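Subject: Structure handover and notes

Dear colleague,

I am passing the structure on to you here, together with some notes for someone who has not worked with it before. Please have it open while you read.

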Amino acid sequence: MTFLCILIVPFVLSGVVGSLFYWYEALNDPCPEIPPPPFTVRTCLVFFVGAAVGHLAAVVLRLVGLAIARTRMFTPHRESCFPPVLLIHGVYHNDGAWLYLGNKLKNAGYPVLSYSYGSFFTSFEEVMAGLDECIRGLEDAFPQKKPIVVAHSLGGVLIRHWLQESENSQRLTGVITLGTPHRGSRMATLALGRIVKEIAPHCPRLIRLNAEAYASSDEELGLQKGSPEKVSLINSAQDKPWQPLPCTALCSPTDEAVVPACLLVPPTGWKLCVTAPVSHFSLLVSPQIAKAVLQEMRTLH
């Protein structure tokens, strides 16, 4: 019993911390595009339990991913009539994160492949090179079908970086992100690992990415008004016009990992879908979210 209590304590604490951060931001800086639920005792309790259980599920599925690291969790079937799907997980996760949602997509008839990367010691350049190689592999396997990318959390920012090469937007059928901190995450400033720093609000690469994607204010970009850096970023944005590609961001109104919720709002030209209220990781294990992802995917082909 004592051992069980020791195991549970970290998840209880994570639920408490996540709840405090979320409600502080939700009450002081509410997002009109992704409005928070009513602040009631019941809502707080449900939020706390959801966050704690979500973190527990994330750890369990990461262990599953480590256990099967030497095998390929998903093997695309070339005879499928649907376009292939590339899954990109978030920070600290691995292929195990897609155990539920990936199999849902596979059972629906989609050829599924997941891209996994390290969170602690892998550089941004290495992750992006691996991502491009993975997409090229899908293109070789399915020369007549453009892939659909489904990305969770940091994975959504990675695919946006990949799309900065203008011709890359012509290589995909569409993009769907789940709980992606498109404008960064304040939590990232406290997190460990090299790659997670790419979603810190003041990361130069993220500032440049968002200068090219949003009609952002200087304050949102973390820059001084009229600064040379701001002018340089806007000029570079004008040299890279947005390429039309169907992109959808699924965002939960109770995402405890990305606060305030305005950081979840996707770039100009994207479709924003507010989902049922679930925790950040529960976006990957919720039947309601899986149904929403499939519905969005079917609009792409």
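The notes below take up salt bridges, a strand and its partners, a polar contact and a cavity, in that order.

Please keep in mind throughout that this is a predicted model.

Salt bridges

The structure holds seven salt bridges, and I describe some of them here. In one of them, the side chains of Arg186 and Glu25 meet, with 2.8 Å from N to O. This pair links distant parts of the chain, since Glu25 sits in helix 1 (residues 2-28) while Arg186 belongs to the loop between strand 4 (174-178) and helix 6 (204-211), 161 residues apart. The two partners can also be described by their accessibility: Arg186 counts as partly exposed, at 42% relative accessibility, whereas Glu25 is buried because its relative accessible area is 12%, which is under the 20% cut-off for that label.

A further group of residues is joined up, for Asp132, Arg136, Glu139 and Arg171 are linked in a network of salt bridges. Within this network, Asp132 forms a salt bridge with Arg136, and the closest N and O atoms of that pair are 2.7 Å apart. Both Asp132 and Arg136 lie in helix 4 (residues 124-141), where they are four residues apart, or about one turn of the helix. Arg136 counts as partly exposed, with a relative accessibility of 44%.

Asp132 also forms a salt bridge with Arg171, and here the closest N and O atoms are 3.6 Å apart. Arg171 lies in the loop between helix 5 (154-162) and strand 4, and Asp132 in helix 4, so this pair ties together parts of the chain that are 39 residues apart in sequence. As for their surroundings, Arg171 and Asp132 are both buried.

Strand 3 and its partners

How many of the five residues of strand 3 are buried? Five of the five residues of strand 3 (residues 148-152) are, so the strand is largely enclosed by the rest of the structure. Ile148, Val150 and His152 point one way from the strand, while Val149 and Ala151 point the other way, and all of them are buried.

Strand 3 pairs with strand 1 (residues 85-88) in the parallel sense, over four bridges, and in this pairing Val150 of strand 3 is the bridge partner of Leu87. Strand 3 is also joined to strand 4 by five bridges, and these two strands run parallel; here Val150 stands opposite Ile176 in strand 4. Together with helix 5, strand 3 and strand 4 make a right-handed β-α-β unit.

A buried threonine

Thr254 is found in the loop between strand 5 (247-251) and strand 6 (271-274), and this residue is buried, with a relative accessible area of 7%. A polar atom of the Thr254 side chain lies 3.0 Å from the backbone oxygen of Val278.

Cavities

Rolling a probe the size of a water molecule over the atoms shows where empty space is left. The structure holds two cavities of 30 Å³ or more, and the second largest cavity contains about 70 Å³ of space. Among the residues that line the second largest cavity are Tyr22, Ala26, Cys31, Ile34, Pro253 and Val259. Glu25 is also one of the lining residues of this cavity, and Glu25 is the residue that meets Arg186 in the salt bridge described at the start.

With best wishes

Notes
Residues numbered from 1 in each chain as written. Predicted model: local features only at pLDDT ≥ 70, side-chain atom pairs only at ≥ 80, totals over all residues. Heavy atoms only, no water. Salt bridge = Lys/Arg side-chain N within 4 Å of Asp/Glu carboxyl O. Buried < 20%, exposed > 50% of the residue type's maximum accessible area, 1.4 Å probe, protein only. Polar contact = N/O pair within 3.5 Å; in protein donor to acceptor, adjacent residues only side chain to side chain. Pairing = 2+ DSSP bridges. Right-handed = clockwise from strand over helix to strand, strands pointing away. 1 Å grid on protein atoms, 1.4 Å probe; cavity = no way out; pocket = protein on both sides within 12 Å on 5 of 7 lines; lining within 4 Å. Points joined across faces, edges and corners; volume = space filled by probe spheres on them.
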